[in-house]
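The following exercises are to be worked with the sequence and the three-dimensional structure at hand. Each task is followed by a solution in steps.

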2 protein chains.
Amino acid sequence: MNSLESIFNARSVAVVGASASPEKTGHIILKNIIGGGFQGSVYPVNPKADEILGLKCYPSLSAIPGTLDLAVVVVPARFVPGVIDEGGRRGIKGAVVISGGFGEIGNEALETELKDAARKYGVRLIGPNCQGFNYTPNRLCASWPLVRSRGPIAVVSQSGTVGATMEMWAEQEEIGISAFVALGNKSDVSELDLIEYFAADPNTRVVALYLEGLRDGRGFMEIIRKVGGSIPVVVLKPGKTEKGKKAVQSHTHSIAGRDEIFDGVCRQIGVARAADITELYDFSKALGFMRPPNGNRMLVVTSSGGCGILATDAAEHVGIDVAPLSEETKQRLKEVLPETCVVSNPLDLTGDTDAKRYGTAVETAAAGSGNGAAGSAPAGFDFFLLIFGDPIPGACEVVEDLKRKLCGAGTRGNIGGGFDEGGANTSVGIAVCFLGGGEVEGVEVQKMHRSGIPVFPTPERAVKAMGALLRSKTRTRS
Amino acid sequence: MNSLESIFNARSVAVVGASASPEKTGHIILKNIIGGGFQGSVYPVNPKADEILGLKCYPSLSAIPGTLDLAVVVVPARFVPGVIDEGGRRGIKGAVVISGGFGEIGNEALETELKDAARKYGVRLIGPNCQGFNYTPNRLCASWPLVRSRGPIAVVSQSGTVGATMEMWAEQEEIGISAFVALGNKSDVSELDLIEYFAADPNTRVVALYLEGLRDGRGFMEIIRKVGGSIPVVVLKPGKTEKGKKAVQSHTHSIAGRDEIFDGVCRQIGVARAADITELYDFSKALGFMRPPNGNRMLVVTSSGGCGILATDAAEHVGIDVAPLSEETKQRLKEVLPETCVVSNPLDLTGDTDAKRYGTAVETAAAGSGNGAAGSAPAGFDFFLLIFGDPIPGACEVVEDLKRKLCGAGTRGNIGGGFDEGGANTSVGIAVCFLGGGEVEGVEVQKMHRSGIPVFPTPERAVKAMGALLRSKTRTRS
């Protein structure tokens, strides 16, 4: 069998069923491969056209000259096994079958035929009946919508829509993704293969899964155990209710299984379980960009008293300790902060604060920590949640400065490039929330996301994401 | 006492403490009043300047010629009672005190002095120690950030940041707000006054409250009971945990009280309780734009099987019934839909659907309903949740068409103008969720929001909002 490498890092791609009609999937896929900036060769295959989107068209896979790594297949189901067979003979190493009309509508025989054709030639197969894949390090968006932003999250999804939503949010926020892979019917490539692949992929730091059923529960546990030390995994799995289970069965013929068992397994093997799409995104963002803090003691530093309270309430629900300040720390803070500040935890810098005051407050509270020595918890806090609840220019620079000074490492993820890693392990964590800050907020959040600092849009979402980071027993990749 | 009308619909406004320095609150407020498009007279007051932002400056309130309705006060606390006294003599009817430094830092005497000055002249007072207010029908943004979009939500908040966040989201989504009022120390104007005011305000359809404590619990129940028939109320109230309660006390010196009691009261009087800022926004959006359906039976119509399952799971948690299709309805749907569709509830139109198929599905499922006769539940369903999980152009037009045909009324809210109300009461509800749809999604959601159809970004958020709409015993304003 070929490895998945030949799919994700393909140097030449054919789109079988390429179309000149803009609304057709065979057009959109080709357009997105071109629009994504793929640097290899692209061959539209359509016997009825000479040229599509400016590219020479070929009547069949056999007619394409030179090496061919990957075929993206969009023709009606009944033709697909033949295409794979032809491709196999032609020497393709992988295929992505977008077309539906196989096992999911009871056409098991056709799916078996497809599988057999692929197996015969050792062709790795994604799908059928799926939304394709997008691998940003290779600028290969064989899917839709077109998403280009590079980042640390690999999304593996049994629902194209859930995957596309994750991609879109990551693109809008400029945190990016490394990959999106739609599982479809999982004829060959399954979530297990993909977890293993992305665990070894230097462009990926977290795997976000949407799964309706596990064909192989034991295999799932084993693969997570195997890669658990190298990459964190977040999973959204519906079918918690009776009606949800039924709906799972009509959708992908999966068996949702008993939810409490799956929940227990996740806890046991250190998989972060998301309750909804929002959490799947937030948890992946936290786990993709941050290292887990050493413990659960959090100091909330805020310009908004109200948001400090919301964070405090939320913390208790996820096992984070908004621990009281020691008398000594209180004293030190009172010496450096204006009288109007409320020196407690949450630490309310009040609405007239500038960015600098956050720096002063955090450095003071962290003083005596040994600045970044591994395992130390300065002034009793394992991490700080900075809530910027007003238009506070320069917030990004202050956070970057604090990370340099306290986290013993450079900023972590650098979107669109490699990951800029410092040496030391994080000893103090810094989580950021920004809201209510008008235009300034937009500017600061963009700066932070571009330099690999994840920003959460509400105190509650920030705290829940930190809870997931804490619960995740795996270490994030260093 | 003057009424709040003279504050929100002021025709002339002075900014006492107006400043030429762009970072000062006294500058930002003045700039936002001008930038919001206020049509009345604006008078900066600052004895040291001749002109600020192109407007002639006055040395004091007394020096301003002609009528003066409202003073926005940004000078240091110790000067504020004097300003109110001078304003009272000058004939102002209302004042908004942004300045802090009163009861919240233990300066009770100064706050009493302020209250006395206001009471002496019958001046209504918002604040002190607050983020001002924004009333979009009068284009009067005496607050920050600058938000101009008009819509049905009045936000009343004990936290400036929570209020500003709600405003910003409503502006970004183009659903708009009618008002934002920061409560501050509530020296005079309280949430009770504001609930009563906005219940009678034709520009408002829902009141969104962020409250840390109720000074007058009985008064709250009475006012809600009084206005309950005319306007729905959503509340976010933190202080659920012990540490949260303590934080409430340090922030606004409020007593959070026993949470389960407040929760019971809300249920009893029909107030929708939000668990976090996101829900405060989503619930307000649902209640501001939609009428409660007649019952809890929901048909999910989706292009994404996965999202249909997520909606189904979420529904059970909030008491919504994803009821099975009757055999008759199934038969009718099978006749009009392609074979690939999964005809059950959720009804999966599959990823290749166009917008038209949604129309066909919903009309078919609703057939025999008597089209909009009050109280009828077509085919057993009280409302439809339409999930657009792909790039589906024309979604807006199909939803508008369905609303016209099935809801017996025109589209509801018309942002930026009055509310375009049809006659009949809604007999079938239509809720919309759009996600994973790339650029098409942006276009369709904008169209829907502009024509007063709220769109939710995930199935789970849509379902929770519908749950709040169902639980809210009040009728939304017609």
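**Exercise 1. The contact between the chains**

How many residues does the contact take from chain A, and how many from chain B? Characterise the side of chain A that touches chain B by its helices and by residue class.

*Solution.* The model is a predicted one.

Step 1. Chain A contributes 53 residues to the contact, and chain B contributes 53 residues.

Step 2. On the side of chain A that touches chain B, at least two residues each come from helix H5 (160–172), helix H8 (242–252), helix H10 (277–289) and helix H11 (305–317) of chain A. H11(A) gives the most, with 9 residues.

Step 3. Sorted by class, this side of chain A holds 19 nonpolar, 25 polar and 9 charged residues.

**Exercise 2. The relation between the copies**

Determine which operation lays chain A on chain B, and which residue of chain A comes closest to the rotation axis.

*Solution.* Step 1. In general, two copies of a chain are related by a rotation about an axis and a shift along it.

Step 2. Here a turn of 180° with a shift of 0.0 Å along the axis lays chain A on chain B, with an RMSD of 0.0 Å. This is the relation of a two-fold axis.

Step 3. The residue of chain A closest to the rotation axis is A:Thr278, whose C-alpha lies at 5.5 Å.

Step 4. Of the interface residues of chain A, 100% are also interface residues in chain B; the copies therefore meet through the same surface.

**Exercise 3. The overall form of chain A**

State the secondary structure content of chain A and decide how its compactness relates to that of a globular protein of its length.

*Solution.* Step 1. Chain A has 16 helices and 19 strands.

Step 2. Its radius of gyration is 24 Å, close to the 23 Å that the globule rule gives for 478 residues, so chain A is as compact as a globular protein of that length.

Step 3. The C-alpha trace of chain A spans about 80 × 50 × 35 Å along its principal axes.

**Exercise 4. A parallel sheet and a helix upon it**

For the open sheet of chain B that contains S2 and S7, give the strand order, identify the edges and describe the packing of helix H2.

*Solution.* Step 1. The 5 strands follow the order S2-S1-S5-S6-S7 in chain B, with parallel pairing.

Step 2. The edges are strand S2 (41–45) and strand S7 (124–126) of chain B; each has a single partner strand, so one side of each lacks a neighbour in the sheet.

Step 3. On average, neighbouring strands of this sheet are turned by 20° against each other, direction ignored.

Step 4. Helix H2 (residues 25–35) of chain B packs on the sheet and touches strand S1 (12–16), S2 and strand S5 (70–73) of chain B. The direction of H2 makes about 160° with that of S1(B).

**Exercise 5. Two helices of chain B**

How are helix H3 (residues 80–90) and helix H4 (residues 108–121) of chain B oriented, and which residues make their contact?

*Solution.* Step 1. The two helices pack at an angle of about 0°, and their axes are 9 Å apart. H3(B) and H4(B) are therefore roughly parallel to each other.

Step 2. H3(B) contributes residues including B:Val80, B:Pro81 and B:Ile84, while those of H4(B) include B:Leu110, B:Leu114 and B:Tyr121.

Step 3. By class, the contact of H3(B) with H4(B) comprises 8 nonpolar, 1 polar and 4 charged residues.

Notes. Residues numbered from 1 in each chain as written. Chains lettered and ligands numbered in written order. Predicted model: local features only at pLDDT ≥ 70, side-chain atom pairs only at ≥ 80, totals over all residues. Axes fitted to C-alpha atoms, helices over the stretch in contact; angles between N-to-C directions. Helix = DSSP H or I, 4+ residues; strand = E, 2+ residues; numbered from the N terminus. Parallel < 35°, antiparallel > 145°, perpendicular 65-115°, else oblique. Contact = placed C-beta atoms within 7 Å. Nonpolar A, V, L, I, M, F, W, Y, C, P; charged D, E, K, R; others polar. Least-squares fit on C-alpha atoms with pLDDT ≥ 70 in both. Rg over C-alpha atoms; globule rule 2.2 N^0.38 Å. Pairing = 2+ DSSP bridges.
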